[in-house]
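These are my notebook entries on one chain, written while I had the sequence and the coordinates open side by side. I took one residue to begin with and then worked outwards.

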Amino acid sequence: MSCWRAWLSPPDRQALQAASVLGQRFQLPELRALIGDDRYVCDELVTGFLLQPEGSGFLFVHALIRHGAYASLLQARRRGLHAKAAGWFAGRDATLHAEHLDQAGDPRAPGAYLFAAEEQARAYRYERARRLVERGLALASTRADRFALARSHGEILRELGATAKALTAYQQALDAADLEADKCRARTGLAGCLRMLDRYDEAFRLLDDAEAGTTVAGLELELARIHHLRGNLHFPLGQIDFCQAEHARALEHAQRAGSVELEARALGGIGDADYMRGHMRKARDRFSRCVELARDEGLGRIEVANLPMVGHCLIYTCEFERALEVAGQALQLASRVGHLRAEIIVHNLLADVGQSRSEPDRCEASAHRLIELAGQIGSKRFEAHALQHQAEVLRLRGQRAEAENMLEESLVIARESGLQFVGPWMLAQLAATTRDPARRARALTECEALLAQGSVGHNYFWSYRYAMQAALEARAWDETERYAQALEDYTRAEPLEWSDLWTAWGPRHRRAWTAAYRPEVQGRAAPRP
């Protein structure tokens, strides 16, 4: 394989060496650019069994031939050819442009790797993006390059669900940042990771620091991101007014900056605030507008983050089939764009539909996937919610003792991340599951106390539904009426089919159970809720 140097003409020898710089496969225009001959053809290299045609290009017949040709180049010549190749691929292939700058020893290589990584990330090819940005970090020698690459590394790792590693990357970006605006961006990234890990207090502090720096720099885009993220932090804590106010400010800054992307995000955030208030029709319309805007602008990750929330709102208008259709669409999109958190929201939607319609199989399938996804991104909040769904599966299958134990386990986890997200729902579900009167009473007391403090909207719907069931089993007829009235009062501003269904269900079953427990009918089977 090494004898080609003896019989090839100088032009063919130089062409073979240049081809080895391009890789195992290459196109003829690339080779011509490297050797500076627009009329060169590879006929002699093909007839000499060194290359073979492949599609519109050529392939080295054996990797050892390419390796030998590449090894025969002096270092200066090799770097020069890589520099020429980088020039050829500039504007044509960002990844090859970066790789050839790297091989040429060009100091612009780290920036080129950053550009190539961000291009891959926009196409949802996050593993490729990760490899590119990590190579750029290995080469980076300036603080500016280290900051930009580390920040991008954090974003890519977060999208891959590697939240703890993303946190480290953003900290590296903060350590490398010189400009106040860059420090702000790094802190915002850190806060986003802490939100995923349910570390809300730390995230709020970082956003306060970031906002101070952004105000100094006057960056509207960063202010929009900060207010949006702060609004997202208020959501699981049940802090409705703060959530709405922060997303409204995010929308103002996004519109001032002319950013359709951040405007769409803010609209989704305002939809969250409507959802928190239990205004499910208004929230559905807001989420739908956000999805339409994101779809029109090709913002797939924003679209998929908000689409399953449309489905969640449909549960409370009892449009379960439409909710399942939305879930199917969202699941496909989440898979395509690699959005793990959106996939979590979809599976919560599917499990909620299963819980609403007493379908344990549907609920179980999504609960298992939720456990996996919550563990992958490191979210205790979603892990607790997944266990709650699994507990309902056990209850529906008559395994009430096991369901009770699992609910207790889910509550332990939920207390770590904050009870306002699904805590009241869990407690009411526990009250409807346990056969212990004292435990039932404690659970309902704590549930009502949390609801009185303010909570996410779904808690009121589900808590009153399970509380009615618990009261019926305890034959606490007045309590059944009280919970039905509480649900009706909660939805008075925007009546919903869900509340109509359950406020009628509770008193109707109260009458049936009361009749069943008259002395003259004792021993007969009482109607089950």
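**Entry 1: an aspartate in a helix**

In which helix does Asp274 lie? I looked this up before anything else, keeping in mind that the model is a predicted one, and I found Asp274 in helix α16, which covers residues 260–276. I then asked whether Asp274 is buried or exposed. Its relative accessibility is 2%, so I have to count Asp274 as buried, the limit for that class being under 20%.

Next I listed what surrounds this side chain. With residues up to four places away in sequence left out, Asp274 touches Gln244, His279, Lys282, Ala283 and Arg286. One of these, Arg286, also makes a polar contact with Asp274, side chain to side chain, at 3.2 Å. I also noted a pairing that is remote in sequence: the C-alpha atoms of Asp274 and Gly457 are separated by 8.5 Å, although their positions lie 183 residues apart along the chain.

**Entry 2: the nonpolar cores**

I moved on to Tyr275 and the nonpolar core. Which residues touch the most other members of the largest nonpolar core? Among its 81 residues, these are Tyr275, Tyr316 and Phe461. Helix α26 (residues 457–473) gives this core its largest share, namely ten residues.

For Tyr275 I wrote down the contacts beyond four places in sequence, and they include Phe235, Met280, Phe287, Met309, Cys313 and Tyr316, as well as Val456, Gly457 and His458. Gly457 thus turns up again, here as a contact of Tyr275 and earlier as a partner in the C-alpha distance from Asp274. A separate core of 27 residues lies apart from the largest one, and its members include Ala166, Leu167, Ala176 and Leu229. For context I add that nonpolar side chains tend to be buried together in soluble globular proteins.

**Entry 3: cysteines**

How many disulfides does a search of the whole structure find? The search returns zero, and I wanted to see the reason at individual sites. For Cys243 the closest cysteine sulfur belongs to Cys313 and is 13 Å away, which is too far for a bond. Cys290 also has Cys313 as its closest cysteine by sulfur position, at 12 Å, and this too is too far for a bond. Cys243 is buried, with a relative accessible area of 0%, and Cys290 likewise counts as buried at 0%.

**Entry 4: salt bridges**

A search of the whole structure gives 44 salt bridges, and I examined a few of them.

- Glu497 pairs with Arg281, with the closest N and O atoms 2.8 Å apart. Because Glu497 sits in helix α28 (residues 497–516) and Arg281 in helix α17 (residues 280–296), this pair ties together parts that are 216 residues apart in sequence. Both residues come out as partly exposed, Glu497 at 34% and Arg281 at 25%.
- Asp178 pairs with Arg143 at 2.9 Å between the closest N and O atoms. Asp178 is in the loop between α11 (163–176) and α12 (180–196), while Arg143 is in helix α10 (residues 143–159), so parts that are 35 residues apart in sequence are tied together. Here Asp178 counts as exposed at 52%, whereas Arg143 is partly exposed at 34%.
- Arg357 and Glu359 meet in a salt bridge of 3.1 Å, N to O, with Arg357 partly exposed at 26% and Glu359 partly exposed at 22%.

I also recorded a network of salt bridges that links Asp208, Glu211, Arg230, Glu246 and Arg249.

**Entry 5: a serine in a loop**

Where is Ser379 found? I located Ser379 in the loop between α21 (360–377) and α22 (380–396). Ser379 is nevertheless buried, with a relative accessible area of 2%, and beyond four places in sequence it is in contact with Met196, Asp198 and Ala374.

**Entry 6: the chain as a whole**

Last, I stepped back to the overall figures. I counted 28 helices and three strands in the chain. The radius of gyration is 30 Å, well over the 24 Å that the globule rule gives for 529 residues, so I describe the chain as more spread out than a compact globule. The C-alpha trace spans about 110 × 55 × 35 Å along its principal axes. Of the 529 residues, 54% count as buried, and among contacts between residues at least 6 apart in sequence, 60% join residues at least 24 apart.

Definitions and conventions. Residues numbered from 1 in each chain as written. Predicted model: local features only at pLDDT ≥ 70, side-chain atom pairs only at ≥ 80, totals over all residues. Heavy atoms only, no water. Disulfide = S-S within 2.5 Å. Buried < 20%, exposed > 50% of the residue type's maximum accessible area, 1.4 Å probe, protein only. Core = buried A, V, L, I, M, F, W, Y, C linked by side-chain atoms within 4.5 Å. Helix = DSSP H or I, 4+ residues; strand = E, 2+ residues; numbered from the N terminus. Contact = heavy atoms within 4.5 Å. Salt bridge = Lys/Arg side-chain N within 4 Å of Asp/Glu carboxyl O. Polar contact = N/O pair within 3.5 Å; in protein donor to acceptor, adjacent residues only side chain to side chain. Rg over C-alpha atoms; globule rule 2.2 N^0.38 Å.
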